[in-house]
Amino acid sequence: MRFVDKLVDKQRVSQRRSKVSLIFLIFWTCLVLVGGRSLGEVNVIDMNGLFNTVSNRDTGTINTGNSIMANGDSVILAVGSYKCGTCESGYPFKCSEGTCANSGLMLNTDDLYGEVKCVEDNASCVLDGENARRGMDVLGTGAGTLTLRALIFKECEGDVAGGVSIENGALVTTVTIELCVFSNCRSTFINYGGGAIFVYSSGRETIVNVYGTTFIGNTADDENLNDIYRFSGTITIHNTCPSPYSSNTPIQGSALDSNTINGYRYSYSECYYSCDAGFYNQDVIGCQPCPSGQTGPTGSFDVSSCVDCSPGKYESSSVCSPCTGSTYTSTSGETSCASCAGGTWANTDNTGCTSDMTCTVGSGQAPAGGTCEVCPVGKYNGAEDDSQCITCPAGKFIPNTGSTAITDCEVCPIGRYSVEHAALGECTACSPGKHNANTGATLESDCLDCSTGKYMETEAAENCVFCPSGKINPSTTGSSSASICSDCQAGEGASNGSTECANCVAGKYGPAAGLGCFECGRGKFISTEGATSETQCSLCPIGKSSPATGLPSSCESCQLGRYAPAEGYAQCAICDPGTACEEEATEMQSCGAGSFSGAGAGTCTICGPTAIAPDPSTPFCLACDANQVANADRTECVCQQGFYTDLVANEATPVPKGVSPDTPGMTLQTLDLLPGHYRTNSNSTEILPCLNEDHCVGGSDPSSYCAEGYTGPLCAVCSSGYAAVGAGESLSCNQCSGSSTATVAVGVTFVVVFLSVAIIQLFRDKESTRGRLSSRLSSIDSTISAAAAQFDKVQPYIKVVFAYYQVVGGLGFLFGIKFPPIFSAVTSIFGGIVSLDFISFLPIGCMAPAHFYNTLLVYTLLPLLTSIILIGAYFVLHKRTDRRSVFLCNKLFEVFLAMTFILLPSVSIKIFSTFACHHFDDGTSFLTVDYSIDCNASEHTFYRLYAGAMVFVYPIGIPFSYWYLLWRQREKLNGKQREKEGEMSEEKALKEALELRAANEEEHQSLKALSFLYGSYEPKYWWFEVFETLRKLALTGFLVFLAPGTAAQVTISIFMCMGAMRIYAGCKPFVDENLDRFSEVAQWQLFFTLFAALAMKVNMDNENLQNRRYFDLILSAIQFVPVLIVTVTNFINARNATEAAKSLLGGSSNDDSGGGLEMGEITLLNPVPGAANAVSTREGRSLSKQEVELGGEVVSKHEKRRAQL
């Protein structure tokens, strides 16, 4: 059977079996025709109605319906075929001319949700595309779900889908397809399939659920995916039935031809099983009647369920009915009953005829006799014999025939009665004007007359009705008409059952006679009685209301949480969420930010400490996230103490070190920095310690991090009107004033005087001066010379101290460590002195620009200029041979070497500092030694090149010059000590080597100019000053390039220090054993200082304040060890010289022959030409100048070693 023919048969069967459905359909048709509509439901009977109800999309090229359907409505289709053209004639209606979206589309929706379904789940509501149009386009479902139920999409055709195309809209698209059929639909698009359904999702999710739906004969032109194409989104085929058939198991059909889908890959149908008895549902086209003479159980879905009607029954309208009276059927499958022949009647089961008079139960002998008849209404018979049927007792009746027992007799209902022997199928009704409120009445007198004030126009009444409002029945009983009720006058009324009229009470009025009293209505009141007009009703004032029921003689005040903003309110309005209303309120009072209220609140509630209400209309407080609290006005969640809001991650983040942990509500932009800390801008997460804690006052505003007088990165730049004194941690910005100029002048004068005295003393020729003095003064000068000799003796100690402070003075800058304040002050002062860095202690910036570039130029060019002058003078004097010229020549070279010794570390640090830039997280980069200089500027590129050139002059050039000068004289300086050590004892070899070096000095006067470099070392260690110079450079300037600012840099410096310690301990290079020990102490002191720096770098000193102070004091005390040793040594030597001078002035000399002065075991002799460096001991051996200067006999060092062994 063709599918279309089945549909036609389906309609014919439905017409035959469902009169109730037809009546229902006609009723809804009338409602539609007159514009009626049930709440939430829209009924349609043709294509025009369906299109104008569902379609709501307009793209300019698509016809749009009237969009009668609202979101959430149910559109109910009558049984029939829906086409875009004129429908075929036939049941149930003849479709009017249809309207569709366009030539290729029947229905189209946009963000529409609700339900479109057939009137019955097993009926035939067919959307026929006539092989020309797609059935439906769904573009979004808004905030809900669109359900298509029990629809048949037949011969629909479109590009990407024939039946239904589903795409997402502005929100999530959700479509449910239930109990539908897709038959012979086609997709014409060559690249995609989906003959029945096409699903597409772009941006928003598209979700499709399919239940109990059958797919038959669908095709796609790409010869693939004939049923479903899921381009994107989600479609799920369920193997369960929708409500209300959830407990049923659907029948699994053929496999679906589709691409990736969720759920099962089969067609499912037969969820409802709801065909009536005698019908079956096959091929999902609706219920069909069983073959003639057959019937079937309810819910049959196959013709095999139909069975023949048994003997004694016949088929009528697909239902087997029993034969009655003297009719019978003797075979199965009969469609009518046959009558028994004369003189016979049907047997008990009506399967044949018999001449026996025995009547079956429920029947009896006819009153005329000779035949059995079924007991009529009102009678019964329970015996199987020839007796007659029995009448029910009085007060009862039997509505049906064939009753078999007295229990079949039913009690007469209210308003009716049954007398004895009545044999009624229905009890007799009480007549109008009477009533009966009891059941089982047996007499007519049980029906009572209506009392006065009442009447009853109909029969079988339980109670009589009162006269209408405004009318009375004062005296008549048993009234059967309302006309017995007479009118009350205007302004009067009568209560139910009243026999006299009364004035309308307060709150009501009677507008005319006979109408009764009316309430004033919603929002009105009246305080007088007997009112005759509605105009006497007054509106309730604002803040009050009156309900629609009751007696509004006055208006009630609005309760808490309600208000009446205008007159005439029937009920006070409920206050909105976020507002509050007092009693008798006339308006809503906004709660305001930080508080909340629900609907109908009398007061607002302030949010708790961890919740907010940013919007006054908020009906509840919003809880803050973890580690957040509410701000003061409860409008915003802010971080609690110790946290700040990270805007990137949008979460509470622990504050970094340097940020106040006690400030709540911080964001990244409002971080409250502790004093002594800095960051580049309000979006920076890098919190940096300032070079000096006093320079940074902290706070949350990056423009005010710096204290007065300070500015720039790390607040390490002096503001305008201030001048820098010191550098690094010891930097201080002093306000420029007259005293600043005086300070600079005094400082410069002191430096000039100090250098002048030093130069005069240095270049004083003692030998030439001594000859011009008197004998007495000559003796004093000799004594002073002896004291000076004692100072010369401690000169090597001073060099060690200088070297130590030259290294330690720059550690804070090199390592980027903020040392404790006392230690920083001590090392800054000593470092400045030993490096001759007097300029940094003067407010030069008040008189001239004092940035680093100027300092670099002064510290590199001024020594060069001085060196050129000294070397020039040296070469001029070098050509002369007189004693004075030789003396000055050597002094000039000694000054040159001393100057390079003192300045090399500090100048090297300044040169290497040109390459040390601090890179900040905002992309800026500033010179570490002067944060006013931008490393990214072109000017800095020039100075980097200049500093690179100076590297070859100072850090490379000076050590190389030392080595070259010493290397050229190595044969004269080493005294062949190593060769001699192989031939004699170390002590003797050292003695002879010193004597040989002294002899070489006398022979080669220019050799003395180098004594600053080798004089304190044993001859075989003539090169040791070069090593010492490189050690200082390695621990100062070179460290700038080795992992700057990290713990690794400090660790490297410790390894360097330990290596140097090992060399010093292994070589013991000094002639003086005490000096070896002293230098070893200085090395250990440097080691402990570096170790303390490492501890600070890794935060090992993170102790309480008292412990940090102890650490500072101990670290500072270490720095005075070499100074104390030199001071004590110098004091002892000075005391000895003073005692010798007193002896000389007192004439206590024991040896006048030589004019000498005895000091201990050494006798200083008068100068003898050619033997200026020789003295003698009491043992008679000669001592070299170095032995005299270094404390006596050289052998003491090695002899003591031997003695110790």
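Residues with under 20% relative accessible area are taken as buried, those over 50% as exposed, and those in between as partly exposed. These classes are applied below to a predicted model. By this scale Glu992, at 24% relative accessibility, is partly exposed. Its salt-bridge partner, Lys980, has a relative accessible area of 17% and is therefore buried. The closest N and O atoms of Lys980 and Glu992 are 3.6 Å apart. Lys980 belongs to helix H14 (residues 977-981) and Glu992 to helix H15 (residues 986-1003), so the salt bridge ties together parts that are twelve residues apart in sequence.

The protein chain as a whole contains 23 helices and 81 strands. Of its 1205 residues, 45% are buried. The chain exposes about 56100 Å², and 55% of this area is supplied by carbon and sulfur atoms. Among contacts with a separation of 6 or more, residues 24 or more positions apart account for 58%.

Side chains of opposite charge can pair when their charged atoms come close. A search of the whole structure returned 19 salt bridges, including the one between Lys980 and Glu992. Another is formed by Asp221 and Arg186, with 2.9 Å between the closest N and O atoms. Asp221 is located in the loop between strand E18 (219-220) and strand E19 (228-230), while Arg186 is part of strand E14 (residues 186-187), so this pair ties together parts that are 35 residues apart in sequence. Both side chains belong to partly exposed residues: the relative accessible area is 29% for Asp221 and 31% for Arg186.

A further salt bridge joins the side chains of Glu426 and Arg416, at 3.3 Å from N to O. Glu426 is in the loop between strand E40 (416-417) and strand E41 (428-429), and Arg416 is in strand E40, ten residues apart. Arg416 has a relative accessible area of 18% and so counts as buried. Salt bridges also link Lys83, Asp128 and Lys154 in a network.

Strand E14, which holds Arg186, is also part of a sheet. Strands of a sheet pair through backbone hydrogen bonds, either parallel or antiparallel. Here the sheet is open, has three strands in the order E10-E14-E18, and shows parallel pairing. Strand E10 (157-158) and E18 are the edge strands, each pairing on one side only. Two bridges connect E10 and E14 in the parallel sense. Glu157 stands opposite Arg186 in E14. Arg186 thus appears in two settings, as the residue opposite Glu157 and as the salt-bridge partner of Asp221.

Helix H11 (residues 938-953) was examined for the distribution of its buried and exposed residues. The helix has 16 residues and reaches 24 Å from its first C-alpha to its last, close to the 22 Å expected at 1.5 Å a residue. His940, Tyr943, Tyr946, Ala947, Met950 and Val951 of H11 are buried. These residues cover an arc of only 155 degrees around the axis, which puts them on the same side of H11. An α-helix has 3.6 residues a turn, so residues three or four places apart point the same way. The exposed residues Ser938, Phe942, Leu945 and Phe952 are carried on the face of H11 turned away from its buried side.

Two further buried positions were examined, one in a helix and one in a loop. Arg1031 is in helix H17 (residues 1024-1034). With a relative accessible area of 8%, Arg1031 is buried. Leaving aside residues up to four places away in sequence, Arg1031 touches Ala803, Ala1060, Tyr1064, Gln1083 and Leu1086. The C-alpha atoms of Arg1031 and Met1056 are 8.0 Å apart in space, and the two residues are 25 residues apart in sequence. Ala78 occupies the loop between strand E2 (74-77) and strand E3 (80-82). Despite this loop position, Ala78 is buried, at a relative accessible area of 3%. A distance of 8.9 Å separates the C-alpha atoms of Ala78 and Ala123, which are 45 residues apart along the chain.

Terms used. Residues numbered from 1 in each chain as written. Predicted model: local features only at pLDDT ≥ 70, side-chain atom pairs only at ≥ 80, totals over all residues. Heavy atoms only, no water. Helix = DSSP H or I, 4+ residues; strand = E, 2+ residues; numbered from the N terminus. Expected span 1.5 Å × (residues − 1). Buried < 20%, exposed > 50% of the residue type's maximum accessible area, 1.4 Å probe, protein only. Arc of directions from axis to C-beta. Contact = heavy atoms within 4.5 Å. Areas by Shrake-Rupley, 256 points an atom, 1.4 Å probe, with all protein chains shown as cover. Salt bridge = Lys/Arg side-chain N within 4 Å of Asp/Glu carboxyl O. Pairing = 2+ DSSP bridges.
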